[in-house]
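Okay, thanks everyone for squeezing in. I'll put the structure up and then walk through a few spots that I think are worth a look.

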Amino acid sequence: MTDYKKLIPEKIATLPTSGIRKFFDLLENMKDVTALTVGQPDFVTPWHIREAAIESLEHGKTYYTSNAGLMEARREIARYMERRFSLSYHPENEILITVGGSEAIDIAVRALVEAGDEVIIPEPCFVCYAPIVTMAGGTPIHLPLSAKNKFKLTEEELRSVLTEKTKLLILPFPNNPTGAIMEKKDLAPIVKVLKDTGVAILSDEIYAELTFGKPHVSVASFDGMRERTVIVGGFSKAYAMTGWRLGYTLAPKEISEAMYKIHQYAIMCAPTTSQFAAIEALKNGDADIEYMKEEYDRRRKYIVEGLTEIGLECFAPEGAFYVFPKVSGFGLTSEEFCERLLYEQKVAIVPGTAFGESGEGFARISYAYSVSHITTALAGIKAFVEQLKKEQK
Amino acid sequence: MENILKLLENDSRLTAAQIAAMIGRTEEDVAGAIAEYEKNGTIVAYKTLIDWDKTDREIVSAVIELKVTPQRDRGFDKIAEKLINYNEITSICLMSGSYDIQLIIEGKTLREVAQFVAMKLAPMECITSTATSFVLKKYKDKGVIYASSEEDERGNCPV
């Protein structure tokens with residue numbers, strides 16, 4: 001008989017299942033649930049982008065591309081970054097096209113982190129950073145951010161966890177799940193702290209196109225930061241292209257070369273059809289971004305007002321497509337709140353703890369849904385909160 | 001306040017309170033603007049798109065291309081104003097190109113529509129020719145795709 005305990009390394013066997021996964025498993029066994037759980041756009045990829053992909057297939061473009069990706073796609077990424085964020089990267093050796101932002105995060109961590117290194121992970125955040133760091137042999141340092149700072153990273157918080165072993169800081173802004181962003185004035189003190197260290201930065205900017213009212217600012221735009229920063233970008237959120245699995249890294253040549261080695265052995269190249277779609281998106285998709293962003297913005301305002309009326313305290317998120325209301329105050333943990341809401345009102349939202357312990361007391365609500373769907377869910381949340389208030393009396 | 005019109009064009013059931021929340025205005029402001037749009041005719045009507053193929057109701061639609069002799073001083077308006085009065089006609093547009101006016105006609109049967117064209121339209125003095133095409137299936141109307149799946153097929157990836 002096969003002893004799987006011996007077969008599977010302890011490092012992998014002990015990796016925790018993501019909190020969202022556990023919650024999604026609950027959902028799968030229930031019918032007629034109004035879910036606000038999905039972390040992907042509800043738009044379909046714009047037709048002109050899909051058409052470009054179809055055309056590439058019609059012309060038989062079914063080959064591998066170069067490891068780093070089609071040169072034309074890399075050139076378009078460089079133009080896009082210059083056009084929209086005033087950042088310059090060389091398509092020849094500083095841009096690498098990856099299988100989604102996820103692979104980009106993976107190769108960045110693996111290229112920079114080894115045993116003994118500490119990686120600072122501000123939380124709440126997307127669920128993949130800590131497991132990837134662990135798999136790379138590093139030590140995740142969980143840094144809880146605070147609602148009173150609108151879940152922004154502060155200088156004091158960063159200083160409190162910096163050590164001689166710190167190798168990498170993850171900057172996951174605009175943030176999933178909190179919707180927090182880091183403005184120029186927020187990044188400046190962080191940059192000041194980092195300047196005197198050798199710490200590298202993984203700036204996960206997958207939601208860069210989804211900021212509301214304030215432009216996204218990359219840490220790489222600060223003096224002295226570009227040479228130590230890996231920007232992770234992608235097409236999933238900006239162009240509603242999640243299923244195409246396409247992202248990229250932007251990093252100085254030396255770091256790019258290191259990531260390139262991992263990418264070429266593990267992945268070979270990103271899907272060719274997706275790369276052709278990406279060229280079209282980058283050339284002619286700016287208006288699509290604006291259209292979707294306006295739609296998200298309306299829903300954002302709508303849901304924040306709805307939650308506030310219900311009595312769930314909720315700071316107005318400034319990026320991504322999530323709100324992160326406070327659900328404590330009813331004598332329930334986040335998980336209990338979400339589970340009871342699911343069972344009693346058939347409305348699904350994700351417990352804040354799925355994104356780190358500091359998410360306790362909060363829940364993530366995605367507004368990548370139609371207004372009528374959001375309205376139905378809000379009615380369920382309202383009924384549930386009223387029930388909880390009655391129970392408290 | 002043009003945003004209000006775009007939102008209502010997309011979903012006329014949105015309430016003033018909902019629109020107000022979405023665009024960051026007060027409910028009173030939005031209700032006032034809508035009332036003004038209704039009063040000055042910018043908002044013409046609130047209707048519902050119905051896929052009649054999903055009901056038992058028998059309905060036949062036809063697109064009619066009319067060639068028309070324009071009237072002195074009134075151009076095409078006079079004939080259009082006359083056509084407006086027929087309940088069978090649901091849409092009237094003045095066109096550029098190879099014909100002058102496009103009508104959409106609805107009736108219970110092909111025969112009823114054909115009768116209308118033959119008995120009411122064709123005899124009109126200023127109409128010089130008609131070309132009738134029956135609608136076989138509607139795929140998209142007013143920007144809305146018919147028969148599209150309402151099911152949310154997005155996977156629950158732990159994102």
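So let me start with a question for the room: does A:Ala130 count as buried or exposed? Keep in mind that this is a predicted model. Well, A:Ala130 has 23 C-beta neighbours inside 10 Å, and the cut-off for buried is 20 or more, so A:Ala130 counts as buried. You'll find A:Ala130 in helix α7 of chain A, which covers residues 129-135. If we skip anything up to four places away in sequence, A:Ala130 touches A:Ile121 and A:Pro140. That second partner, A:Pro140, sits ten residues along the chain from A:Ala130, with 5.5 Å between the two C-alpha atoms.

Next, another alanine in chain A. A:Ala278 is part of helix α11, residues 272-284. A:Ala278 has 33 C-beta neighbours inside 10 Å, so this one counts as buried as well. Who does A:Ala278 touch, leaving out residues up to four places away in sequence? The answer is A:Ala73, A:Phe235 and A:Leu246. And if you want a sense of distance, take A:Asn149: A:Ala278 is 129 residues from A:Asn149 in sequence and 36 Å from it in space, C-alpha to C-alpha.

Okay, zooming out to the domains. Chain A is assigned two of them: domain 1 is 4-44 + 288-387, and domain 2 is 47-285. Their centres, taken over C-alpha atoms, are 24 Å apart. Each side puts in 34 residues where domain 1 and domain 2 of chain A meet. Looking at the domain 1 side of that contact, α12 (286-310) and β9 (322-323) of chain A each supply at least two residues. Which element gives the most there? That's α12(A), with seven residues. As for the chemistry on the domain 1 side, the residues facing domain 2 of chain A split into 17 nonpolar, eight polar and nine charged.

Now a helix I like, α13 of chain A, residues 334-345. It has twelve residues and runs 16 Å from first C-alpha to last, close to the 16 Å you'd expect at 1.5 Å a residue. The buried residues of α13(A) are A:Ser334, A:Phe337, A:Cys338, A:Leu341 and A:Leu342. They span an arc of only 130° around the axis, so they end up on the same side of α13(A). What do those buried residues pack against? In chain A, that would be α3 (19-28), β10 (347-348), β11 (350-351), β12 (363-366) and α14 (371-392). One more detail here: just after α13(A), A:Lys346 takes a positive phi, about 55°.

Last stop, chain B. Chain B has five helices and six strands, and going along the sequence the order is α-α-α-β-α-β-β-α-β-β-β. The radius of gyration of chain B is 21 Å, well over the 15 Å the globule rule gives for 159 residues, so chain B is more spread out than a compact globule. In terms of extent, the C-alpha trace of chain B spans about 65 × 40 × 30 Å along its principal axes. How much of chain B counts as buried? Just 14% of the 159 residues. And for contacts in chain B between residues at least 6 apart in sequence, 53% join residues at least 24 apart.

That's my tour, so over to you for questions.

Terms used:
Residues are numbered from 1 along each chain as its sequence is written. Chains are lettered from A and ligands numbered from 1 in the order in which they are written. This is a predicted model: local features need pLDDT of at least 70, side-chain atom pairs count only at pLDDT 80 or more; totals for chains, interfaces and linings use all residues. Helices (H or I, at least four residues) and strands (E, at least two) are DSSP runs, numbered from the N terminus. The radius of gyration is taken over C-alpha atoms; the globule rule is 2.2 Å times the number of residues to the power 0.38. A residue is buried if 20 or more other C-beta atoms lie within 10 Å of its own, exposed if 12 or fewer, and partly exposed in between; C-beta atoms are placed from the backbone. Two residues are in contact if their C-beta atoms, placed from the backbone, lie within 7 Å. Domain bounds come from an automatic or database domain assignment. Ala, Val, Leu, Ile, Met, Phe, Trp, Tyr, Cys and Pro count as nonpolar, Asp, Glu, Lys and Arg as charged, and the others, Gly among them, as polar. The expected span of a helix is 1.5 Å times one less than its number of residues. The arc is that of the directions from the helix axis to the C-beta atoms.
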